[in-house]
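Student: I would like a close look at the enclosed and open spaces of this model, and at what surrounds them. Please take them in one connected account.

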Amino acid sequence: MKRSRINDIIAESDDFMRTFGFVMPPFAYWSPDEFKARKDIARNVIEARCGWDITDYGVGKFDTMGLFLFTLRNGRLADLQRGGGMCYAEKLLISKQDQLSPMHTHVLKAEDIINRGGATLVIELFGSDAQGQFAEDQGGTVFCDGIQRDFAPGEKLQLAPGESVTLMPGDWHAFWGEGGDVLIGEVSTVNDDETDNIFREPIGRFANVDEDVDPVHLLVSDYRTWLG
């Protein structure tokens, strides 16, 4: 993805979130130079990989397969492993109309996916086989707003604003906006986007960035390069 396109998506997404009353924390608006100057006091933000995250999954077709994310807070894997402490994470996402977030599951992360506003969020579901692999003939059980719901393989949940689904490790899912763009909330256990996303197809989690212009704000995938 071109950096100029990423800069535009950040600005457009910020405007979209604000229409629903969501405002990002102050560090979201730091310039790269401000982030460098404050990296010692922002160590927790950097290590937890909180911040802007724009991906086309390395495919180069963001409008048809991509996702906007902002990680607001993220716990520590060590706390999760010992069963106490900061074991949770929270994100805001934007799924644009007919923009696919491809079929995937997680090994550790359980998550609530919440339609925070906009159009309908469609989530396609499959279960896993005994080894945890994608199973095209396997359904399962999820909870929608706390209410148990059995799903058939390939069933498509339609979540209106205010509705949610709880997904557990092994619940394979893909999603997109239907009828318009959707603001999504994600509340989960500790989030590790580098190792805990298992895609059905051999694609990447992060975009490959073409630095045609300077970044206005850093992505979480920039932290290692820009901030050491």
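Student: Before the spaces, how many salt bridges does a search of the whole structure find? Then please go through the largest cavity and the largest pocket in detail.

Tutor: The model is predicted. A search of the whole structure finds 19 salt bridges. One of them joins the side chains of Arg3 and Glu211, with an N to O distance of 2.8 Å. Arg3 belongs to helix H1, while Glu211 sits in the loop between strand S12 (198-199) and helix H5 (223-227), so that this pair, 208 residues apart, links distant parts of the chain.

Helix H1 (residues 3-18) also holds Phe16. Leaving aside residues up to four places away in sequence, Phe16 touches Ile94, Asp181, Val182 and Leu183. The C-alpha atom of Phe16 is separated by 25 Å from that of Tyr88, a residue 72 places away along the chain.

Now the enclosed space. The whole structure contains 1 cavity of 30 Å³ or more. The space in the largest cavity comes to about 160 Å³. Its lining is made of 18 residues, and Leu67, Leu69, His104, Glu186 and Asn197 are the closest to the centre. Five strands each supply at least two residues of this lining: S2, S3 (88-95), S4, S5 and S11 (172-189). Of the elements, S11 gives the most to the lining of the cavity, namely 3 residues. Sorted by class, the cavity lining has 7 nonpolar, 5 polar and 6 charged residues.

Next, the open space. The largest pocket holds about 300 Å³. It is lined by 20 residues, and those closest to its centre are Asn74, Val190, Asn191, Asp192 and Asp193. The elements that give two or more residues to the lining of this pocket are strand S2 (67-74) and helix H4 (77-82). Strand S2 is also among the strands that supply at least two residues of the cavity lining. By class, the pocket lining consists of 7 nonpolar, 5 polar and 8 charged residues.

Last, the surface. A nonpolar patch there is formed by Leu77, Val107, Leu108 and Ile198, whose accessible area together is about 330 Å². Within this patch, Leu108 is placed in the loop between strand S4 (101-105) and strand S5 (111-128). Both of these strands also supply at least two residues each to the lining of the largest cavity.

Methods
Residues numbered from 1 in each chain as written. Predicted model: local features only at pLDDT ≥ 70, side-chain atom pairs only at ≥ 80, totals over all residues. Heavy atoms only, no water. 1 Å grid on protein atoms, 1.4 Å probe; cavity = no way out; pocket = protein on both sides within 12 Å on 5 of 7 lines; lining within 4 Å. Points joined across faces, edges and corners; volume = space filled by probe spheres on them. Helix = DSSP H or I, 4+ residues; strand = E, 2+ residues; numbered from the N terminus. Nonpolar A, V, L, I, M, F, W, Y, C, P; charged D, E, K, R; others polar. Patch = residues over 30% accessible without salt bridge, like charges linked within 9 Å, V, L, I, M, F, W, Y side chains within 5 Å. Areas by Shrake-Rupley, 256 points an atom, 1.4 Å probe, with all protein chains shown as cover. Salt bridge = Lys/Arg side-chain N within 4 Å of Asp/Glu carboxyl O. Contact = heavy atoms within 4.5 Å.
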